[in-house]
Amino acid sequence: MSSVNVQISQILLDASSSNAETRRIADAKLKEWEKTPNFYPTLLEMTFDNSIDIHARSLSIIYMKNGIEKYWRKSSPCCLPPEEKSRIRQTILKTFEEENNALARQLDVAIAKIGRIDYPNDWPNLIEIILQAIKMYDIDPNPKNRLISYRGLTLLNQVIKSLSSSRISRKINAIAPELLSNTVSQFINNINQFITKFTENSSNEADIRYNLEFALYALKCIRKIIVFGYNHNNITPDSDPIKFLNILLEYMIKLFSIYQTLKDSSPYTELLLRIIKGCGKAFINIQTNNPVQFTLMERCPEVVSWYWDKINTYDRKTCNIDYEIVIVQGMEIITHLVKNPDLVPTSRAEAEQNEDLKKIDNILRNVIFIPTFVEALSEVLIFKYLSFSENELSNWEFSPETFVCDEDSPSCESQLRICAETLFLNLFSSYSEIIAPKILVYVQKASEITDKASKDDILLKDAIYSTIGLGANNFSEIIDFDSWFLNNLLQEGLNKSPNFVIIRRRISWLISKWISVKVSKEIRPKIYELLISLLVPEEDLVIRLTTINTVHSCVDDWEFELDSYLPYNEAIIDLCLRLIFETTEFDCKIKIINCLSVIVERMGTKVVVCAEKIINILPQLWDSSGEEQYTFKSAIIVILTKFVIALRQDSMQIYNITIPIIKKCLDTSTKSQYYFFIEDILELWQGIVQNATECSPELLSLFQPLLTLYDYGTTLLTVIKITESYVVLAPDVIFQQYGIDLFNRLSEVIDHPKPEIVKHTVRIIDFSLQICHHNQCLPSIIEVMMNTPIFEKMLETIMKEKGYCLAIVDYLSIFARIMLCDANIFLNLMKHLGQKCEPPQDSILKPMLQTYVDRIDTIGHPRIRKLVGLALSNILPILNQDTIDQLQGIFVIMSDILIEVLDSGKKDLTVNWHDDDNIELEEESLDTIRRNELVKNDPINNINIFDFFKSKLSELETIAGGPQSFNDLILSHMDQMIVLQVQKLIQ
């Protein structure tokens, strides 16, 4: 081993050291070497150097593989030179003889990455080389060639996977037939050899295992070639993929027959099952991508029949999780045949003209899904697969909380039952006329099973009830749930026999499925009584947790009536609170919190009767949950938000809980909490501010942290809305303590690319101006704003943007608001901004007025048009050359606005401003009341624009020296048609 290789090897090992400083130095050295000539070819050669430590060899190929991603493409900066690439391509093919499986896998990935870029232009013989390697063992069967052929197959699998990306799938299309031919040949040859050797009781275990591994990888390649290498619209019954599937069934049958004879300890069991599952994947792949040709396939009915046999004969008591995947595959195949939109004509014309769909309809109805098969399949699904397995019952007994969580979020172990449920629902939907009469018989049979029955009978009863719950929508016209509940389910649910534990749990679950489908209001009190009995501490924990979900569904139902629920609320709340401390799994606690959240939300203001007992436990739950229980803490924040909205002004009484939680989540030392909770925290925060009667010191202490959140773009809109509510709640204290900071922050987002953010930012400024004008402190707030870049940013956009821009309309409304509030302040602002221009100007009043004249047609909102009209009217008495020069344009604007008023049939262009952003708030929320008061006091809604314009015109006339002087000095120099029109309008 050369000294260079020794040095690189040591640095690679250092790069994986547990010492941070050692890693830092090694990483820096490697980054330096990356751009050194021949670094990557050297790394590759080290991979094949057996004298180097195996860990260093692994690191060298991993580092080289990552280097391919960065430097192999010709467009990459510091792209590897062609001679180095050529050297790597030649050296890396030594992978065929690499004995270490882990290294070989990494080398396969590296070759696939290169092939994805270089094939076929720069590495045209890649596929040919791989195919030659695969055939080596067939040509000369010896151990060395067997390794080469095996490596060739694993490499081909990886290369096909790489070439099959959607962007470059055309690369594999051209070679798909050749690849399929070679891989099918490998699969058939090796399966035949395995069958021969197995039947002859060959003692060469290694040789037989190699046959199975060869077949397995060949099958993996075949699946990828069929899925990615063929245009599925062009696949016909005579095409190679369909021909292979017809052959595949035959081999799957043979392999399964052998599998059934093996014991679990057999060295071939696992590999055989993997191949059988691979066959199932091949069927599912082609069915998913081309359901028409799969269904028309000659042996499609045989495929269904084979899987049906396995579904029918499987004994779930064996709990063979690996084998159950075969059953799941069979259910998936049948499900896709039962209900698949691609197999059904979309119109009458297609049904008459499409011969393939006619054949499919005949196959499905008269060959596969004949009545006897549908009946048998539905019966097996109900009685075998919809009932609980021994594993699930054991889980219920020894880990009830895990059981409940698995029911809501199915695990791998319950995948079989989930597939069975899906298949049954689709089957019932398509063949209800066959299945429904049977179900009614089963329901009658279930009603006869009492708590004295055997365990198997009770499980049967549970499975039948499960069927009725799953198909609630389909059974709604067949079964009268009200009568069934009152005559059967209620008594069974109240039956506390230990033998009926499963049934009580199922009845609770049934209610949750039917409550939103067809349950009358009259029986809901009886349902609440039953649910309370199922929540008592003496009841089984699984039943209690299932009933929590049911309560959630009942309260969250569209038909929920608060008055009928209220008598039972206290008992339900008490039982929920008790249960939350008895559970240990936080997923279960979350269910209870979410249930309580829905109750709080639906009770509204009436929640006050039970608020204290719920709220008091929340800090304890928060503190006991630990640092990593983000979802649980998020649920607590959500329920607090619901309480704040429900309690309205009384929510100030829980500041001792809500505000500390907000501060904890904003703590800079725990950034992870910020990212997990920020959206929920902001909703809580917004609710608090909107329902506050005053800005208390605790609430005010959150305002400075709020301003820091302007740096986070994803939640910026909500942050601005909260700021808006603060300004409406306590403008004086906000402006006095945080004025400069606030408007500096607003200036940073006033030109944001998102219109919603600009709209709400402008609204804050507009509210600020309205409030300060009303409180007679407008000059002070204007001065604060002038000390920030906010006016300059708006002005820059107004002057530079030539086309239509929604933001400009918003900006013009702000300047119009100032003009309306105080014309002199507006003139001073124009002078101030003029000094900021390049070059400086005495004032920008004239170009600003011209902007209103030019852009009035882009202002569509009646409110803003009236605001502009009032503002321009208010500027008229300021008799200077700038206003005189723009007077004709102002007359044109006023003429248009006044005509709009007359055309609308109203005396004035008064606007009732509906704020769409507050639709989620209750009408009585204090924030809504405060905003409505602002709108009510807004001059836009109080001033008659005709009278106002006329009065300001009279003031201008007086200042000009009377009517005659006004006419001679000003009006005579204007377009007389415009002057006459205005005079006529204001008379």
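Which residue, with a positive phi, follows H34? In this predicted model, H34 is followed by Arg648, whose phi is near 55°. The legends below begin with that site.

**Figure 1. Helix H34 and the residue that follows, Arg648.** Helix H34 comprises residues 630-647, and Arg648 sits in the loop that leads from this helix to helix H35 (655-665). The 18 residues of H34 should span 26 Å at 1.5 Å a residue, and its end C-alpha atoms are 26 Å apart, so the expected and modelled spans agree. H34 is mostly covered, with 14 of its 18 residues buried. Arg648 has a relative accessibility of 14% and therefore counts as buried, the limit being under 20%. Most residues other than glycine have a negative phi; Arg648, a residue other than glycine, has a positive one.

**Figure 2. Cys78 and the annotated segment 26-98.** The UniProt annotation "domain: Importin N-terminal", from an unreviewed entry, covers residues 26-98. Over this stretch the chain is 64% helix and 0% strand, and its end C-alpha atoms lie 28 Å apart. Cys78 is placed in the loop between helix H4 (54-71) and helix H5 (82-92). Phi of Cys78 is positive, near 60°. With a relative accessibility of 44%, Cys78 counts as partly exposed.

**Figure 3. Cis peptide bonds at Pro120 and Pro839.** Most peptide bonds are trans. The bond from Tyr119 to Pro120 is cis, with omega near 0°, and Pro120 belongs to the loop between helix H6 (101-118) and helix H7 (126-139). A cis bond also joins Glu838 and Pro839, with omega about -5°. Pro839 lies in the loop between helix H45 (823-836) and helix H46 (845-855).

**Figure 4. Surroundings of Phe283 in the largest nonpolar core.** This core has 364 residues, and Phe283 is among those with the most contacts inside it, as are Phe187, Phe369, Trp685, Tyr726, Phe791 and Phe815. Apart from neighbours within four places in sequence, Phe283 is in contact with Leu245, Leu248, Leu249, Met252, Phe294, Met297, Val303, Tyr307 and Ile333. One of these partners, Tyr307, also belongs to an aromatic cluster with Phe256, Tyr259, Trp306, Tyr314 and Tyr323.

**Figure 5. Edge-to-face aromatic pairs Phe39–Tyr40 and Phe388–Trp396.** With ring centres within 6.5 Å taken as a pair, the count comes to 45 aromatic pairs. The ring centres of Phe39 and Tyr40 are 5.2 Å apart and their planes meet at 65°, so this pair is edge-to-face. Phe39 and Tyr40 are both buried. For Phe388 and Trp396 the centres are 6.1 Å apart and the planes stand at 85°, which makes this pair edge-to-face as well. Phe388 is buried at 4% relative accessibility, and Trp396 is buried at 7%.

**Figure 6. The buried lysine Lys952.** Lys952 is part of helix H51, residues 945-959. Its relative accessible area is 13%, so Lys952 counts as buried. Not counting residues up to four places away in sequence, Lys952 touches Ser873, Asn874, Leu876 and Pro877.

**Figure 7. Domain division of the chain.** The protein chain is divided into domain 1 (1-155), domain 2 (172-369), domain 3 (374-526) and domain 4 (788-986). The C-alpha centres of domain 1 and domain 3 are 57 Å apart.

Methods: Residues are numbered from 1 along each chain as its sequence is written. This is a predicted model: local features need pLDDT of at least 70, side-chain atom pairs count only at pLDDT 80 or more; totals for chains, interfaces and linings use all residues. Side-chain values use heavy atoms; hydrogens and water are left out. Domain bounds come from an automatic or database domain assignment. A nonpolar core is a set of buried Ala, Val, Leu, Ile, Met, Phe, Trp, Tyr and Cys residues joined through side-chain atoms within 4.5 Å. Buried means under 20% relative accessible area, exposed over 50%, partly exposed in between (1.4 Å probe, protein chains only). Contact means heavy atoms within 4.5 Å. UniProt positions are given in the numbering used here, feature names are shortened, and annotations may be inferred rather than shown by experiment. Helices (H or I, at least four residues) and strands (E, at least two) are DSSP runs, numbered from the N terminus. The expected span of a helix is 1.5 Å times one less than its number of residues. Rings of Phe, Tyr and Trp (its six-membered ring) pair if their centres lie within 6.5 Å; planes under 30 degrees apart count as stacked, over 60 as edge-to-face and the rest as tilted.
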